[in-house]
Amino acid sequence: MAVSMSDVARHAGVSQRTVSNVVNNYVHVSPATRARVQASLDALGYRPNTAARRLRTGRTGTVTLAVPSFRERYFADLAEAVVAAARDRGTTVLVETTGGRRDTELELLRGGGEVLTDGVIMSAVSLGRTEQRSEHPVVLIGDRQPGSAIDHVGIRNREAAQAAVTHLLGTGRRRILLLGANHGPKRSYQLRRQGYQAALKKHGIALDPDLLVDCDWTTAAAAAAIVKHFENLKPDGIFAMNDSAGLGALHALRRAGVDVPADVSVIGFDDIVESGLSTPTLSTVAPLLDEIAAGALDLLDEQLADDHVPQHRMAGYELRIRESTTR
């Protein structure tokens with residue numbers, strides 16, 4: 001027989017309304033009471049009746065996650081984090097790719113799409129600062145220009161890039177190549193380049209424009225760029241704009257007989273799974289995807305619950321130091 005809220009209320013010694021408040025994650029419950037109710041929920045094995053909740057609230061219990069593509073592993077990792085966080089809330093995630101097309105992103109921003117869901121979480125490539133959403137809840141993930149009127153969750157890209165380059169400088173590197181300059185999502189590469197330049201300036205190192213190497217943020221393009229430029233530029237460190245580019249650099253350097261990290265250190269950005277499996281393993285900046293996912297889902301819930309003022313939240317990041325920068 002299914003456990004009811006009244007069963008949990010009797011077990012915890014509280015009212016059924018208090019149990020409902022805990023189940024629905026309302027904030028006006030004291031920590032002690034919330035802990036007692038949660039202990040009873042766990043002990044009795046309570047499972048919410050999601051079908052009844054959806055009928056009562058008018059929600060579908062689903063959200064859309066839209067990403068440009070899955071060619072970059074980062075978006076697969078992001079999708080896993082969003083799906084896991086949503087599952088814990090009894091929510092199903094429908095995933096679609098936009099190809100970075102402006103018309104598709106605008107359609108999703110304005111509540112379109114073939115399947116009706118409670119809201120959209122989107123990593124947008126083509127949307128500008130002045131775009132407006134419709135009444136349909138939308139949260140954007142990634143880097144946005146200041147002044148955007150749409151809810152947004154990101155990380156401090158400039159600060160994170162500066163931390164990565166500062167790590168290279170701390171290992172004695174001075175000729176640090178920026179791999180993937182002027183490519184990728186515009187706001188992302190701008191902020192990461194600013195972080196690169198800030199780290200150099202803080203250490204009294206003049207910017208060498210020759211060390212800003214253009215290439216797509218793909219393994220093949222980055223490997224080709226290293227083959228083309230490494231001998232002439234002779235960097236002793238490489239900051240790759242993402243891990244795919246970093247892995248491409250490792251591949252090209254290994255084929256050229258360059259020792260990593262004895263001769264050159266390499267650090268990437270994103271902490272995709274392959275970064276911990278490469279030879280050598282790749283040091284990287286790891287955005288805290290669980291925080292990004294939870295923040296985006298929280299903002300969707302707030303938009304659904306009441307009048308809402310757009311918010312911009314920043315998730316954390318960590319440096320994951322591995323073999324490619326450890327001498």
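Two strands count as paired here if DSSP finds at least two bridges between them. Keep that in mind as you open this predicted model and select strands β9 (residues 265-269) and β10 (residues 283-287): three bridges join them, and they run parallel. To see one of those links, pick G268, whose bridge partner in β10 is T284.

Now put a helix on top. Select α10 (residues 243-255), which packs on the sheet and touches β6 (176-181), β8 (237-240), β9 and β10. Look along β9 and then along α10: their directions make an angle of about 155°.

**The whole sheet**

Widen the selection to the full set of strands. This is an open sheet of six, ordered β7-β6-β8-β9-β10-β12, and its pairing is mixed. From one strand to the next, the twist averages 20°. Which strands stand at the edges? Go to β7 (212-214) and β12 (317-320): each has a single partner strand, so one side of each is left without a neighbour in the sheet.

**Over to β1**

Next, select β1 (residues 62-67). Is this strand enclosed or open? Six of its six residues are buried, so β1 is largely enclosed by the rest of the structure. Colour the two faces separately and you'll find T62, T64 and A66 on one side, with V63, L65 and V67 on the other, all of them buried.

β1 has parallel company. Six bridges join β1 to β2 (residues 92-97), and the two run parallel; A66 is a good place to zoom in, with E96 as its bridge partner in β2. Three bridges join β1 to β3 (residues 120-122), again in a parallel arrangement, and here L65 has I121 as its bridge partner.

Before leaving, add helix α5 (residues 73-88) to β1 and β2. Together the three make a right-handed β-α-β unit.

**Into the core**

Keep α5 on screen and show nonpolar side chains. The largest nonpolar core has 71 residues, and those with the most contacts inside it are L78, L179, Y196, I238, F239, L253 and I292. The helix you just selected, α5, gives the most to this core, with eight residues. As a general backdrop, nonpolar side chains tend to be buried together in soluble globular proteins.

For a last stop, centre the view on Y196. What is Y196 in contact with, leaving aside its neighbours within four places in sequence? Select A161, V165, I176, L178, L207, L211, L212 and F239, and you have that set of contacts on screen. F239 is also on the list of core residues with the most contacts.

Notes. Residues numbered from 1 in each chain as written. Predicted model: local features only at pLDDT ≥ 70, side-chain atom pairs only at ≥ 80, totals over all residues. Heavy atoms only, no water. Buried < 20%, exposed > 50% of the residue type's maximum accessible area, 1.4 Å probe, protein only. Helix = DSSP H or I, 4+ residues; strand = E, 2+ residues; numbered from the N terminus. Right-handed = clockwise from strand over helix to strand, strands pointing away. Core = buried A, V, L, I, M, F, W, Y, C linked by side-chain atoms within 4.5 Å. Contact = heavy atoms within 4.5 Å. Axes fitted to C-alpha atoms, helices over the stretch in contact; angles between N-to-C directions.
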